[in-house]
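Trainee: I would like to go through this structure term by term, asking each time what a word rests on. Could you set each value against its definition as we go?

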Amino acid sequence: MDITLNNLKANEKIVIKPCDKGGGICILNTCDYISKMKELLRDTKTYKPLRRDPTNAIRNDIMSTIDYLHNRYLITDETKKLLTPLKPARTPLFYGLPKTHKENIPLRPIVSACDSPTDNISRYITQFLQPLAESHPSYIKDSKDFINAIQDIGALPKFAHLVTADVTSLYTNIPHQEGIDAIINHINAFKDELPRNFPYSSTIKILIESILKHNNFSFMEEHYLQVEGTAMGSRMAPPYANIFMGSIEQKILKEFQNFILLWRRFIDDIFFIFLGSTDQLELLKKFMNQLHPTIKFTFNSSTERISFLDISISLNEDRTFSTNLYRKPTACSPLLHFKSNHSIKCKENIIYSQALRYSTLISNDHNLQLELDNLSKTLIIRGYPLQMISRNIDKALSHPRSTLLRKTDSRVEKSISTKNLVNKLTKIHKKQD
């Protein structure tokens, strides 16, 4: 097996990459991979070719910025040490992850920025931006958080639409100044609640500008600078994009507040319940896609069933919610093989954590049993003993779902008050009919 893997790695005619989603591995023809990567880099609005590697010059520029902040007592001695880049700093690398779930398998551009000149700054900024991102009422941490948000809504009227929206290439389409303004505005909105060690907004602004200005990377020994948006792969990118999207969604919610029962977002993946007519929903879609010159949305909607994250959401006969697992058609089950060089405890936890996840996300007992049976078959194929599988599944099932979904976030309670909106709009629709 090791010889086979080494031979594959040494084969210059192929490129092996993890799939963008689904947990699989994709083997691409090297020429095709390079062609698709260079096609991405031909986007001159986003990427600028450079004659030489600017990493050392960027490091010097970063040090000048850090010294500037330190000399003006905007950062402490300790913070200066935290922000100082490695010497020599690593040149970021550009690569693509295959989107096997999409036609022609496009690539998602990633910049590996670990140990780059801006990496320490990005790490520092993230610890302050992430809590701010989580303060948005629409923020969801994970699938469990999402289920908590919808489970107490109750029965929906027949005209209710379940809608998902996704931003096309969010990270590379955030204008620098608008992204920074969104951060500063959000900081100012929460200035009375910020911890004592929170940096001045002027310091945050200077550091973010430095990260965005120095988005350099190399591909096949050629050097580039990302001149628009932020790089996926930067530590700062997720909370930065999250807060920017919060500023966008505020305008949407203000305009359509009388029709949106619930709105939840995982960075650029949005789920909402719309209580207007189909024509009114089309107006909302049009409004969202005309709201910003570079931020564009794709939509899916249904009055019965829709998927969001790894959940399939459907409405029962009484119009209450039911949830099940959702997998993309290209999804794999890359569970660790039992013969792998890992501890028994680790392997036990794989079974237990998967079964626990199923118990949390699946609301119907029959569907849960079907999924657990499929999980058991997969684990058996991966070499796991049946006794170990049964023991850990039983352990997971010993926890009631109500306990697993116990609310830990007060934002969930806010959705319950929207039941009044359902009743109000139901009356409006009856009058229209």
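Trainee: Why are Glu 209 and Lys 205 said to be separated by about one helical turn?

Mentor: Glu 209 and Lys 205 are four residues apart in helix H8, and therefore about one helical turn lies between them. An α-helix has 3.6 residues a turn, so residues three or four places apart point the same way. The name H8 follows from the rule that helices (H or I, at least four residues) and strands (E, at least two) are DSSP runs, numbered from the N terminus. This is a predicted model, in which local features need pLDDT of at least 70 and side-chain atom pairs count only at pLDDT 80 or more, while totals for chains, interfaces and linings use all residues. Residues are numbered from 1 along each chain as its sequence is written, and side-chain values use heavy atoms, with hydrogens and water left out.

Trainee: What makes the contact between the side chains of Glu 209 and Lys 205 a salt bridge?

Mentor: A salt bridge is a side-chain nitrogen of Lys or Arg within 4 Å of a carboxyl oxygen of Asp or Glu. The side chains of Glu 209 and Lys 205 meet at 2.7 Å, N to O, so the pair satisfies that definition. By this rule the count comes to 13 salt bridges.

Trainee: Why are Glu 209 and Lys 205 each called partly exposed?

Mentor: Buried means under 20% relative accessible area, exposed means over 50%, and partly exposed is in between (1.4 Å probe, protein chains only). Glu 209 has a relative accessible area of 29% and is therefore partly exposed, and Lys 205, with 30%, is partly exposed as well.

Trainee: How do you know that Lys 285 is buried or exposed, given that Lys 285 takes part in a salt bridge with Glu 282?

Mentor: Lys 285 has a relative accessible area of 14%, and so Lys 285 is buried, whereas Glu 282, with 42%, is partly exposed. Their side chains meet in a salt bridge of 3.4 Å, N to O. Because Lys 285 and Glu 282 are three residues apart in helix H10 (residues 278-290), they are separated by about one helical turn.

Trainee: What makes the salt bridge of Arg 319 and Glu 304 a link between distant parts of the chain?

Mentor: The side chains of Arg 319 and Glu 304 meet at 3.5 Å, N to O. The pair links distant parts of the chain, with Arg 319 in the loop between strand E13 (311-315) and strand E14 (321-325), and Glu 304 in the loop between strand E11 (297-302) and strand E12 (305-308), 15 residues apart. Arg 319 is buried because its relative accessible area is 10%, while Glu 304, at 42%, counts as partly exposed.

Trainee: Why is Asp 119 called buried, and what is Asp 119 in contact with?

Mentor: Asp 119, found in helix H5, has a relative accessibility of 4% and therefore counts as buried. Leaving aside neighbours within four places in sequence, Asp 119 is in contact (heavy atoms within 4.5 Å) with Ala 113, Cys 114 and Arg 235. Asp 119, Arg 123 and Arg 235 are also linked in a network of salt bridges.

Trainee: Which residues of helix H7 are buried, and what covers them?

Mentor: In H7, the buried residues are Gly 179, Ile 180, Ala 182, Ile 183, Ile 184, His 186 and Ile 187. What covers them includes helix H5 (119-134), helix H8 (201-213) and helix H9 (237-255).

Trainee: Why is Asn 104 called exposed, and Asp 115 partly exposed?

Mentor: Asn 104 has a relative accessible area of 63% and is therefore exposed, whereas Asp 115, at 37%, counts as partly exposed. Asn 104 lies in the loop between E4 and strand E5 (107-112), and its phi is near 65 degrees, a positive value in a residue other than glycine. Asp 115 lies in the loop between E5 and H5, and the phi of Asp 115 is likewise positive, near 65 degrees.

Trainee: What joins Lys 87 and Pro 88?

Mentor: A cis peptide bond joins Lys 87 and Pro 88, with omega about 0 degrees. Pro 88 has its place in the loop between helix H4 (77-83) and strand E4 (93-98).
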